[in-house]
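User: I am new to this structure and would like to learn how to read its features one at a time. Could you take me through them slowly?

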Amino acid sequence: MDGQATGALERWREQLDGWAIPAEILAAAPESPWGYPVGLFRSRALRTGSRPATPSNLEAARALPEGGTVLDVGAGAGAGSLPLAGSAGRLVAVDESPAMVASFLAAAGQRGVPAEAVEGSWPEVAGRVGPADVVVCHHVLYNVADLAPFALALTGHARRRVVAELTDRHPLVGLRPLWRRFHDLDRPTGPGAGDAVAALAAVGLAVDRQDWEQADRFGFDDFDELVAFTRRRLCLPAARDPEVAEALLADGTRQVDGVWVSGQPRRVTTLSWPGTAT
């Protein structure tokens, strides 16, 4: 690997490391700022049956043979793989959360598609998972500082194609004004999808890229849940909920089609590349 390639991977890691919360703020946090409520992912997975196919869905469907297998890494409740249930013969999920795994299996059962799940972190559990025709990985890459082994394990498990979806910029960038308001702290502005492409290319992957705007907004059904989630992200106590609610509304948060979303459109990128599994 040449210096330019190594540099792309190092820049990716350095930018993600920049999102670490200062020790003094983290120590004072009454609750962990990490993680997502299962209900948020369950709600999104349930909506996949009624919304139009996304570029990520279409890219995966093009590579998936009738009755083929889909591996969903970092599956959550299955929003990345459940849209393929109509043509897939089997769905396999990997997620480190037992609650997410249970939610995925329940949703797959409702769709009538055979499914199984492996609880654990990728690529640590990759050896427990067989190859699949298509591997999908939605909104996980920004959680992966060591991108090379993660992506290569995805590639080595896909017979036909890997399809990874991510927002065009780090998903916490939208909280920068609130970090400044509540903690007087400047947060990073990256990495973004372009940095992901460069890092993946650095490990020899021929990545195709599609940029698009998501019509089905990723948000909360309940405003109070959004406030509580944001407050935990900001390492604040529950007593600050009214201030967080005021800040969110002032920043453009609003209800669209029954879902509370930020004021900015959600721009998304689909990355895909050939698999190497046999």
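Analyst: What follows is a walk through the sheet, the helices packed beside it and a few unusual backbone sites, and throughout it should be kept in mind that this is a predicted model.

User: Let us begin with the sheet: in what order do its strands stand, and which strands are at the edges?

Analyst: Seven strands form an open sheet, and reading across it gives the order β3-β2-β1-β4-β5-β9-β6, with mixed pairing. The edges are taken by β3 (115–119) and β6 (208–213), each of which has a single partner strand, so one side of each is left without a neighbour in the sheet. On average, and ignoring direction, neighbouring strands of this sheet are turned by 20° against each other.

User: How should I read the side chains along a strand, and which pairings can I look up as examples?

Analyst: In a regular strand the side chains alternate between the two faces of the sheet. For the pairings, you may start with strand β1 (residues 68–73) and strand β2 (residues 88–95), which run parallel and are joined by six bridges; here T69 stands opposite R90 in β2. Strand β4 (residues 132–138) also pairs with β5 in the parallel sense, over six bridges, and the bridge partner of H138 in β5 is E165. On the way to the β6 edge, β5 and strand β9 (residues 267–274) run antiparallel and are joined by seven bridges, with T270 in β9 as the bridge partner of E165.

User: Is β5 buried or exposed?

Analyst: Eight of the ten residues of β5 (residues 158–167) are buried, so this strand is largely enclosed by the rest of the structure. The cut-off behind that word is a relative accessible area under 20%.

User: What links β4 to β5, and what is the handedness of that unit?

Analyst: The two strands and helix α6 (residues 147–157) make a right-handed β-α-β unit. Helix α6 packs on the sheet, where it touches β1, β4, β5 and β9, and its direction makes about 140° with that of β5. An α-helix has 3.6 residues a turn, so residues three or four places apart point the same way. In α6, eight of the eleven residues are buried, which leaves the helix mostly covered; the buried residues are L147, A148, F150, A151, A153, L154, T155 and H157.

User: Which strands does helix α5 touch?

Analyst: Helix α5 (residues 98–111) packs on the sheet as well, touching β2 and β3, and its direction makes about 175° with that of β3.

User: How do I describe two helices that pack on each other, and where can I see this here?

Analyst: Two packed helices are described by the angle between their axes and the distance between the axes. Here helix α9 (residues 223–233) and helix α10 (residues 241–250) pack at an angle of about 105°, with their axes 9 Å apart, and α9 and α10 are therefore roughly perpendicular to each other. On the α9 side the contact is made by F223, L226, V227, A228, T230 and R231, and on the α10 side by D241, V244, A245, L248 and L249. By character, the residues of this contact divide into eight nonpolar, one polar and two charged.

User: What does T230 touch?

Analyst: T230 lies in helix α9 and is buried, with a relative accessible area of 3%. Leaving aside its neighbours within four places in sequence, T230 is in contact with L175, L178, V244 and L248.

User: Lastly, which peptide bonds are cis, and which residues other than glycine have a positive phi?

Analyst: One cis peptide bond runs from W122 to P123, with omega near 5°, and P123 lies in the loop between β3 and β4. Another joins G190 and P191, with omega about 5°, and P191 is placed in the loop between α7 (176–183) and α8 (193–202). In that loop between α7 and α8 you will also find D184, which has a positive phi of about 50° although it is not a glycine; D184 is exposed, with a relative accessible area of 68%. C235 likewise has a positive phi, near 60°, and lies in the loop between α9 and α10, but at 6% relative accessibility C235 counts as buried.

Methods
Residues are numbered from 1 along each chain as its sequence is written. This is a predicted model: local features need pLDDT of at least 70, side-chain atom pairs count only at pLDDT 80 or more; totals for chains, interfaces and linings use all residues. Side-chain values use heavy atoms; hydrogens and water are left out. Axes are lines fitted to C-alpha atoms, for helices over the stretch in contact, and angles run from 0 to 180 degrees between N-to-C directions. Helices (H or I, at least four residues) and strands (E, at least two) are DSSP runs, numbered from the N terminus. Angles under 35 degrees count as roughly parallel, over 145 as roughly antiparallel, 65 to 115 as roughly perpendicular and the rest as oblique. Contact means heavy atoms within 4.5 Å. Ala, Val, Leu, Ile, Met, Phe, Trp, Tyr, Cys and Pro count as nonpolar, Asp, Glu, Lys and Arg as charged, and the others, Gly among them, as polar. Buried means under 20% relative accessible area, exposed over 50%, partly exposed in between (1.4 Å probe, protein chains only). Two strands pair if DSSP finds at least two bridges between them. A crossover is right-handed if, with the strands pointing away from the viewer, the path from the first strand over the helix to the second runs clockwise.
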